[in-house]
Amino acid sequence: MISARRTLDVVRWYLREVAGENAYERYVEHGSLEHPGRPVLSRREFERQRQDDRDGTPQVRCC
Amino acid sequence: MTATDVGTRRPSWRSMITWTGVAVIGALAWSVIALARGEKISAIWVVIAALASYAIAYRFYARFIVRRVLQVDNSRATPAERLDNGVDYQPTDRRILLGHHFAAIAGAGPLVGPVLAAQMGYLPGTIWIIAGVIFAGGVQDMVILFFSMRRDGKSLGQMVREEIGPVGGAAALVAVFSIMIILLAVLALVVVNALAASPWGTFSIAMTIPIALFMGFYLRTLRPGRVIETTVIGVALLLAAIVGGGWVQESSLAGIFTLSPQSLVIALVIYGFFASVLPVWMLLAPRDYLSTFMKIGAIGLLAVGVLVTGPTLQNAAVSKFADGTGPVFAGPLFPFVFITIACGALSGFHALIASGTTPKMIQKESQVQMIGYGGMLMESFVAIMALIAASILDPGLYYAMNAPAGLVGATAQTAAQAVTTLGFTISPDQLSAAAAAVQEKTLVARTGGAPTLAVGMSEILSGIFGAGTALKAVWYHFAIMFEALFILTTVDAGTRVARFMLQDTLGNIYKPMGRVSWKPGLWATSAVVVLAWGYFLWTGVNDPLGGIYQLFPLFGIANQLLAAVALALATTLIIKSGKARYAWVTLVPLAWDAAVTLTASWYKVFSNDPKLGFFAQRTTYQAAIDSGKLLAPAKTMDAMHQVVTNATVDGVLSALFAVLIIIVILDAFRIWVKALSAREPLPMMESPVVLSHIVAPAGLWPTADERMLLAGGSVAIGGPGVGGDGLSADDLPPGGSSR
């Protein structure tokens, strides 16, 4: 039972990391550590900004 | 921990016995593949030979390069650690980064190239895919990743300019841009050939646009940041679109989705333009999620299918077409098999990715082995499976599908006859039955590799999940769909990258052009890029001689020449860092690659055989036009003129590619001589040395030494499943590493 739950945890962790779903949490933590006192964006604002940043940094997809 | 102090310990008995075992099994599999003559062998042997060779290469050769040649230094902070800004620079868990990197390098190339190369038999392809990745492809990806990482993630073009010189840099820039255009055109041609006259496929692919738009808005407004949830919904809709395509094909709507190749080209060019000018979140990003998900899923499914069913190879080990008389592509085994396979063994395009986002996210220097070399081994394995999928088909069917329409005609009867002339047998009834089994109108002259791979995959997959015609058709269309999906993702992303390059370059001449947000500039450059690849795509679908037959070699040459640029840069940097005695690591693959591609370019430009040389072709057809004659397969004077124009353009382009690459190599050679004769080492643009505080394992599983180091840190490392320490996913620190 434990190993099944563990496998599920691993898969969940991997998918969240690969998809970048943890980016907001990381941003909040990064902000509180390195820039204390700076206003923290809401998740909606943060994700919107992150998406818009991608406009300026195209990534090659290979063949 | 530095890299060198780990490897000095004597190997244990257990490891010696294990590796001897791997070597013996690998050698056995190789001898079965290479020595079997006249009897059919199981595809499992190919898989075993590949996996055993990869394991040995990864454990010994890649490790040698990492430790002795590159001398990775884990006490040195990577750009991800030094410049961590939480946006583009951030230390990322090695397993996650491997996923990102693999998704970026893998695509349709390793699936399509080996299918076409199966014309020469399965043996030449197998040898090149495996030997090529071990000695060239994996080395290139890893070494470029390493050098870019030492330079804060600089791009290939920047590194060539700074480390070799402005001449080489300019040539490399033009080469990258023009190579990209050809790449996009040929990949798009594969999609057009797979979708033409197939309402099922066209409907499913058309549906990906509304699905992506829906996902984009969902992620933007309804559930910001919930990528997995959005992707799951998207994939469900996508699978519904594949099944729905079957109904559309039977319904009165079929007519709307039955498009000629020409209409598909126009649709693709318009789509490409919008994909390039619309914001990324709307279309590009969601399609990327879908494509990545489908890519990993489909490749995994194919691997399981091959391993479970262990199909028998029907293709010859070395076919009689090794002499260059084959119908799929022109030219003899050397150099054209190496050109055609392209991505699965050595791909210059990977150097753009290895010098893109990956070097900015790597945690530890020693991880270049797992991500650069390991990622490329995975790509090579995809190519092996594609080769297997093409080689389990009956050769008669293979040639009926892959020879150009000019040769096999349009009906099952003409195709069966043409196949007999080639020396294989398939009856018109068998051909029609094969098409009916996957619910396509015809399989004749479905060139480009994608339909062939789809037939092979449907064969394999219906083998595990139980047969039944209906299911086979769904598998076929599933395979077509995912290939088209990730080719289109490459086309979207490539158009955008090419547009940025163009804007960047023009910005030097007229300032506003360089601003990505300036709308007129954005539209103009996007239009230039889509029209450029659109032109080659258009000539490809209209080419009387067959677009794939004419253009695929050009694509292969372009990709391999880009690899020559990357390997020349790598050699330069190895010599500059004072390790000239190890320069052979990249110099040997460079010499081989230059020999292969320049020979191929030579054939394409100077060969007197009108089937092979573009200018000989031009002369032959022009002479016929002058005397008012028609040459088969052209049926009209217009078609004759078209052959002349296409041959001229393609010939000029082949020559241009070769010249640009020769410039880069010569410029690099100048630096090699300078570096070897200088007393002081030449200056390099490496970033400063900063002490690293991150502790993270180098490979997939931490070694005993690494475990000790990790235990010494204050925070637990890695993800769940690493140390068996009962860590839950939620306890993980961001980035999955300790500081």
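**Exercise 1. How many residues of chain B are in contact with chain A, and which element of chain B gives the largest share?**

Solution. Start with the count: 47 residues of chain B are in contact with 35 residues of chain A. Keep in mind that this is a predicted model.

Next, go through the elements. On the side of chain B that touches chain A, two or more residues each come from α5 (94–105), α9 (166–195), α11 (227–250), α15 (349–354) and α22 (469–507) of chain B. The largest share belongs to α22(B), with seven residues.

Last, sort that side of chain B by class: 26 residues are nonpolar, 16 are polar and five are charged.

**Exercise 2. Set the two chains side by side: what are their helix counts, their radii of gyration and their buried shares?**

Solution. Take chain A to begin with. Chain A has three helices and zero strands, so to speak an easy topology to write down: α-α-α from the N terminus on. Its radius of gyration is 16 Å, whereas a compact globule of 63 residues would come out near 11 Å. The C-alpha atoms of chain A fill a box of roughly 45 × 40 × 20 Å along the principal axes, and 19% of its 63 residues are buried.

Now chain B. Here you'll find 29 helices and zero strands. The radius of gyration of chain B is 25 Å, close to the 27 Å that the globule rule gives for 739 residues, so chain B is as compact as a globular protein of that length. The C-alpha trace of chain B spans about 75 × 60 × 55 Å along its principal axes. Of its 739 residues, 56% count as buried.

One more number for chain B: among its contacts with a separation of 6 or more, 80% join residues 24 or more positions apart.

**Exercise 3. Is Val516(B) buried, partly exposed or exposed, and which residues is Val516(B) in contact with?**

Solution. First, find the spot: Val516(B) sits in the loop between α23 (511–514) and α24 (519–542) of chain B.

Then count neighbours. Val516(B) has 17 C-beta neighbours inside 10 Å. A residue needs 20 or more to be buried, and 12 or fewer makes it exposed. Val516(B) therefore counts as partly exposed.

For contacts, leave aside the neighbours within four places in sequence. What remains for Val516(B) is Gly56(A), Phe500(B), Gln503(B) and Leu522(B). Note that Gly56(A) belongs to chain A.

As a distance check, Val516(B) and Gln90(B) are 426 residues apart in sequence, and their C-alpha atoms are 24 Å apart in space.

**Exercise 4. α26(B) packs against two helices here: at what angles do α25(B) and α7(B) cross α26(B)?**

Solution. Begin with α25 (residues 547–576) and α26 (residues 584–606) of chain B, whose axes come within 9 Å and cross at roughly 150°. That makes α25(B) roughly antiparallel to α26(B), as angles over 145 degrees count that way. The crossing is left-handed.

Now look at who touches whom. From α25(B) the contact includes Pro553(B), Ile557(B), Leu561(B) and Ile574(B), and from α26(B) it includes Thr586(B), Pro589(B), Asp593(B) and Lys604(B). By class, this contact has 15 nonpolar, five polar and two charged residues.

Turn to α7 (residues 122–149) of chain B. The axes of α7(B) and α26(B) come within 10 Å and cross at roughly 125°, and the two helices are therefore oblique to each other. This crossing is left-handed.

The α7(B) side consists of Phe135(B), Ala136(B), Val139(B), Gln140(B) and Val143(B), facing Val585(B), Thr586(B), Pro589(B), Trp592(B) and Asp593(B) of α26(B). The class split is seven nonpolar, two polar and one charged.

To tie the two together, Thr586(B), Pro589(B) and Asp593(B) take part in the contact with α25(B) and in the contact with α7(B).

**Exercise 5. How are α2(B) and α3(B) arranged, and which classes of residue make their contact?**

Solution. The axes of α2 (residues 13–35) and α3 (residues 43–69) of chain B come within 8 Å and cross at roughly 140°. The two helices are therefore oblique to each other, and α2(B) passes α3(B) in a left-handed crossing.

Among the contact residues are Trp19(B), Gly26(B) and Trp30(B) of α2(B), along with Trp45(B), Ser53(B) and Arg59(B) of α3(B). The full set divides into 15 nonpolar, two polar and one charged.

Key
Residues numbered from 1 in each chain as written. Chains lettered and ligands numbered in written order. Predicted model: local features only at pLDDT ≥ 70, side-chain atom pairs only at ≥ 80, totals over all residues. Axes fitted to C-alpha atoms, helices over the stretch in contact; angles between N-to-C directions. Helix = DSSP H or I, 4+ residues; strand = E, 2+ residues; numbered from the N terminus. Parallel < 35°, antiparallel > 145°, perpendicular 65-115°, else oblique. Left-handed = near helix turned anticlockwise from the far one by under 90°. Contact = placed C-beta atoms within 7 Å. Nonpolar A, V, L, I, M, F, W, Y, C, P; charged D, E, K, R; others polar. Rg over C-alpha atoms; globule rule 2.2 N^0.38 Å.
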